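Trainee: Could we go through this structure together? I would like to begin with the ligand and then move on to other parts.

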Amino acid sequence: MAVDQRVQASCGLGSAQARATQTGLALVTGRIQRTAEGDFPVVVIGGGITGAATAAAAAAPGASVVLFEKEDGPAREGSGCAQGSLRVQGHHGAEFPLAQEALQLWTDAAEEGDFDLVKGGNRYFRTKEDELPILQHLVEEAHKAGLTQVQLLDAAQVREIMPAATGPFLGAMWSPVDAQCQSEKGTELYTRRAEKAGAQIAFGVKVTKLIESCGRIIGVDTTAGRIQAGAVVVGAGVWTPYLAKTVGLDVPIMPVVMSELETEPVKPLFEQAIRAFGFGSRQRRNGKVVVSVGLNAKVAHGVSLADLNGLRYWLTRAMSFRKNLKVKFDLARTIEQLRHRSTLSTDLIPHVSPELTCDRKVVHSALGRLSTVIPELQGAKATRYWGGLVDMTPDGLPIIDGHVGPEGLPLITGLAGHGFTLGPVLGEIASDLSLDGATKRDIESFRLARYQGKVDQPEMMI
Ligand SMILES: Cc1cc2nc3c(=O)[nH]c(=O)nc-3n(C[C@H](O)[C@H](O)[C@H](O)COP(=O)(O)OP(=O)(O)OC[C@H]3O[C@@H](n4cnc5c(N)ncnc54)[C@H](O)[C@@H]3O)c2cc1C
């Protein structure tokens, strides 16, 4: 059923115009225009990979789509900060089919434009004996999901594939099918694809409220005015809980800052993405080496009154992972929350996100560990540092759900440190959910309702 037919059916109204009058909603205001009489667009919130891929997928079959991004361009938050590893191995069992499909979609997208895609595989280095059972478990999970190419290698086998790894290590888990890319370029490609398919992209426009009527989402308020919608996809990263709260939904997300550095260009050393306990890396085509904090990353969180929301999840999680979590009281944010008398008002969503502090100590330690395994990196100078916000969930699994409360409100968030990989398939899912109300992909494990019961702790921090 088409979006506007579903909207009318849900309230039992004869026409879109009649419904607009009854709900008191103005038709589109500001510079965003409706494309056809009675054709309410799918509104997408967020110009990261989730939003861009959703807009592209929904516009492709001809749906009217409007994407709002509060920043002045795509990929200014999570999607522009990613290391750029398109990793299939190492996912939770429930995520494997999505990751595999996403990698295929990334491969297909490379036919359309360049985003520095390199299909060099991904390697999880093992530097200590006690890491072996964890990697064995990950290999078993991969095989169960049909990813039989994932295997454990000893150090000699690793060096055959990566001759630069001459330093000491014990072996690695290896997936030859994984890839890497420049994440902002990948997001831009999907933004262009959405535009080409007819989606309207509004940068610099913040969504301030979701509007519900008769148990359905029927529009949004934005800083450019109010717009009616047949469905609203929220792909707003760490800010999703603020938007969801405007229709009374609790979405448990804890934002944490993950740090990265990039070195000066060095000679080509490796084309595989690397992940290990305490370090992660990839070498860009221009020779620069991107370094992240890897498995069980050390991350930072600014404590404020917002942490009282969902304390029942976070307290246990913070205690279990206390070695990985650097907490600091965020006085400025707390004052803002007191001023707005709310911890989740959309006024607290920054129009332009401030630059986040990179934890230089942890990324230099990661570079140090990487240089032990690949000694030719010793002495490589770091020339860029950054921190990015990660949307962590209590159980470490994403939230991908089209039936969270009011109809017509697909939510995608909680993608943690590996959501960039999934982006293209998340776009397909969100498009299905907004246009058809259902998707053929299995997203049962990612329902928001799972947090009403007992919540499992993840095995790793990120
Ligand atoms: C340091 C770091 C390294 C990472 N490395 C990897 C990696 O190697 N591989 C991988 O797969 N993943 C990685 N990730 C995770 C990945 O970046 C994210 O999971 C993914 O980019 C999330 O995409 P998104 O579109 O859902 O969210 P985002 O990219 O955060 O996009 C959300 C967008 O919504 C906008 N927005 C929010 N609220 C509003 C509003 N009210 N109105 C309008 N717009 C709004 C924001 O401005 C933002 O642009 C990494 C993350 C970080 C921080």
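Trainee: Which atom of the ligand does the backbone of Val 207 approach?

Mentor: A nitrogen atom of the ligand lies 2.9 Å from a backbone N or O atom of Val 207. Please keep in mind that this is a predicted model.

Trainee: What about Lys 70 and the ligand?

Mentor: Lys 70 also contributes a backbone N or O atom, which is 3.1 Å from a nitrogen atom of the ligand.

Trainee: Which part of Thr 50 faces an oxygen atom of the ligand, side chain or backbone?

Mentor: The side chain of Thr 50 has an N or O atom 2.7 Å from an oxygen atom of the ligand.

Trainee: Which residues around the ligand come nearest?

Mentor: There are 39 residues around the ligand, and Thr 50, Glu 69, Ser 79, Ser 85 and Thr 421 come nearest.

Trainee: Let us return to Val 207. What stands opposite Val 207 in S10?

Mentor: Thr 222 stands opposite Val 207. Strand S9 and strand S10, which covers residues 216-222, run antiparallel and are joined by six bridges.

Trainee: What is the order of strands in that sheet?

Mentor: The sheet is open, its three strands follow the order S9-S10-S11, and the pairing is antiparallel. Strand S9 (207-213) and strand S11 (225-228) are the edge strands, since each pairs on one side only. From one strand to the next, the twist averages 25°.

Trainee: What is unusual about phi in Cys 214?

Mentor: Cys 214 is not a glycine, yet its phi is positive, at about 50°. Most residues other than glycine have a negative phi. Cys 214 is located in the loop between S9 and S10, and it is partly exposed because its relative accessibility is 47%.

Trainee: Where is Ala 416, and what is its phi near?

Mentor: Ala 416 has a positive phi near 50° and is a residue other than glycine. It is placed in the loop between strand S21 (411-413) and helix H13 (419-436). Ala 416 is buried, because its relative accessible area is 16% and the cut-off for buried is under 20%.

Trainee: Back to Thr 50. How many residues of its helix, H3, are buried?

Mentor: Helix H3 spans residues 49-59, and 11 of its 11 residues are buried. Among them are Ile 49, Thr 50, Gly 51 and Ala 59.

Trainee: And Gly 62, buried or exposed?

Mentor: Gly 62 is exposed, because its relative accessible area is 58%. This glycine lies in the loop between H3 and strand S2 (65-69). Measured by position in the chain, Gly 62 and Ala 380 are 318 residues apart, and their C-alpha atoms are 50 Å apart in space.

Trainee: Why is S2 described as largely enclosed?

Mentor: Five of the five residues of S2 are buried, so the rest of the structure largely encloses this strand. Val 65, Leu 67 and Glu 69 are buried on one side, and Val 66 and Phe 68 are buried on the other.

Trainee: How does strand S1 run relative to S2?

Mentor: Strand S1 (residues 42-45) and S2 run parallel, with four bridges joining them. Val 42 has Val 65 in S2 as its bridge partner.

Trainee: You mentioned Ser 79 earlier. Where is its place?

Mentor: Ser 79 is in helix H4, residues 78-81. It counts as buried because its relative accessibility is 13%. Beyond its neighbours within four places in sequence, Ser 79 is in contact with residues including Gly 48, Ile 49, Ser 183 and Phe 420.

Trainee: Now a new topic. Is Leu 389 in a strand or a helix, and what does it contact?

Mentor: Leu 389 belongs to strand S19 (residues 382-392). Its relative accessibility is 25%, so it counts as partly exposed. Leaving aside neighbours within four places in sequence, its contacts include Gly 78, Trp 239, Val 256 and Leu 356. Leu 389 and Val 256 are 133 residues apart along the chain, while their C-alpha atoms are separated by 5.6 Å.

Trainee: Finally, over which residues does pLDDT stay under 50?

Mentor: That applies to residues 1-37. The protein as a whole averages a pLDDT of 90, and 91% of the residues score at least 70.

How values were computed
Residues numbered from 1 in each chain as written. Predicted model: local features only at pLDDT ≥ 70, side-chain atom pairs only at ≥ 80, totals over all residues. Heavy atoms only, no water. Pairing = 2+ DSSP bridges. Helix = DSSP H or I, 4+ residues; strand = E, 2+ residues; numbered from the N terminus. Axes fitted to C-alpha atoms, helices over the stretch in contact; angles between N-to-C directions. Buried < 20%, exposed > 50% of the residue type's maximum accessible area, 1.4 Å probe, protein only. pLDDT = per-residue confidence, 0-100. Contact = heavy atoms within 4.5 Å. Near = heavy atom within 4 Å. Polar contact = N/O pair within 3.5 Å; in protein donor to acceptor, adjacent residues only side chain to side chain.
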